[in-house]
Amino acid sequence: MEFHFSDNDLNGVSIIVPTYQEAGNIEQLVTRLTKAMKALTPNFEIIIVDDNSADGSEEIVITLAKQDLPVSILIRTNERGLSSAVLRGFEKAKYNTLVCMDADLSHAPEDVPRLAALIMQDEADFVLGSRYVKGGKIAGKWGLFRYLNSWVATALAYPLVRLRDPMSGFFAIRQSLLPKAEPFNPIGYKIALEVAVKAKPERMQEIPIHFGLREAGESKLSLKEQLFYLQHLKRLYQHRWKTLSQFFLFCLVGTTGLVVDMGTMFVGYGLIGLSFRYMRFLAFLLAATSNYQLNRMITFEVKKGQHWLKQWVGFLAASAIGFVGNWLVSVTLYDKTIFFHDHYLLAVIAGVMAGVVLNFFLSKFAVFESRFFK
Ligand code: GDD
Ligand code: MN
């Protein structure tokens, strides 16, 4: 997905509204928005970016436009998804202040001038409509699960950008930041997070909003979107701290390898009674292979089918060398110092850590990202 933004120097506000099956909300949205915006500036436009809903949305917008309401609709047939819809709208926008909001009236049209004004008056470069700052509110009752879910999702994003409500889909941004932003690669729902991380606005403000109930139709947020969110987070972390986040995933994968190793031993030796020394070998091979496959897919994202066998051998070698490093470090510490002689488990931990680090860098540079395998 590529996006192209040119500098807009026209003073005014472009409001982008992604829609999918929102025919029942569009008219109220456009009329309330127009009324609220006129009090701020005569220069504004509303761009609906619809993913081919075919529910009458297009006809509604055409009728409204004929009544001199500043609204237009962009219908996409070859792409889908909320985040990319918003960015397509940003591409098409003509004014220097951009706003993104939901169509279902859970974001109050009357709040838009407050967001936009802070950019226009040059008090901020990015303004987030937030449920979690003082004065913010959510209509309706949330169950414990939804609450927890939202809290965890927010906490996971905090190291990337210091916002209290990065999940919000209600924000304004200075248009001139977009052409200079790093390439957008959005998946899923979290467009504010993507924009805040990639466009790097210097002055960010969060202002309280009352997050209302959806007026008509139903929510499109599904479990699939939540999995996309994890993938999106991974991308953003790797964008910011590539090697560190790879190392984190590498360790996570290593932990699953420990489970495979122990499980294999339990079945082969514990239940079936096969030879312990051969089972150690088999269990290592299985655990290393499962680690290999997971690291390939998740940690280093190698494309399917590329050099599977060659890289597998390379990874086993890296793991073996990692083990030698582990052995050398723990044995040296144990032999040469009284402290580690007395605290031999600490020597083991030090060995394991050295081995993991060695294994990681070998896997990264000599196997998964090596030119030899490209
Ligand atoms: N073009 C397009 N394509 N629009 C979409 C798509 C899509 O695939 N999916 C959803 N939309 C539009 C909806 O029509 C609506 O205007 C807006 O995006 C938000 O979708 P909802 O279905 O109302 O989602 P929600 O209410 O569950 O999620 C909202 O709140 C979340 C926080 O609780 C959104 O604001 C999210 O961004 C936010 O994370
Ligand atoms: Mn909604």
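How many bridges join strand 5 to strand 8, and do these strands run parallel or antiparallel? In this predicted model, strand 5 (residues 126-130) is joined to strand 8 by five bridges, and the two strands run parallel. Within this pairing, phenylalanine 126 stands opposite methionine 204 of strand 8.

**The sheet and its helices**

Strands 5 and 8 belong to an open sheet of seven strands, arranged in the order 3-2-1-4-7-5-8. The pairing in this sheet is mixed. Strand 3 (71-75) and strand 8 (204-208) form the edges, since each of them pairs on one side only. On average, neighbouring strands of the sheet are turned by 20° against each other, direction ignored.

Two helices that pack on the sheet are listed below.

| Helix | Strands touched | Angle between directions |
|---|---|---|
| Helix 1 (residues 23-38) | strand 1 (10-19), strand 2 (44-50) and strand 3 | about 160° with strand 2 |
| Helix 2 (residues 57-66) | strand 2 and strand 3 | about 155° with strand 3 |

Strand 2 and strand 3 are thus touched by helix 1 and also by helix 2.

**The two domains**

The protein chain is divided into domain 1, covering residues 13-240, and domain 2, covering residues 242-373. Their C-alpha centres lie 44 Å apart. Four residues from domain 1 and seven residues from domain 2 take part in the contact between them.

**The second largest pocket**

Which helices supply at least two residues each to the lining of the second largest pocket? They are helix 8 (242-271), helix 9 (276-299), helix 10 (308-336) and helix 12 (344-368). Helix 8 gives the most, with eight residues.

The second largest pocket has a volume of about 840 Å³, and 25 residues line it. Those that lie nearest its centre are Gly254, Phe284, Asn291, Val356 and Asn359. In chemical character, the lining divides into 13 nonpolar residues, ten polar residues and two charged residues.

Notes:
Residues numbered from 1 in each chain as written. Chains lettered and ligands numbered in written order. Predicted model: local features only at pLDDT ≥ 70, side-chain atom pairs only at ≥ 80, totals over all residues. Heavy atoms only, no water. 1 Å grid on protein atoms, 1.4 Å probe; cavity = no way out; pocket = protein on both sides within 12 Å on 5 of 7 lines; lining within 4 Å. Points joined across faces, edges and corners; volume = space filled by probe spheres on them. Helix = DSSP H or I, 4+ residues; strand = E, 2+ residues; numbered from the N terminus. Nonpolar A, V, L, I, M, F, W, Y, C, P; charged D, E, K, R; others polar. Pairing = 2+ DSSP bridges. Axes fitted to C-alpha atoms, helices over the stretch in contact; angles between N-to-C directions. Contact = heavy atoms within 4.5 Å. Domains from an automatic or database assignment.
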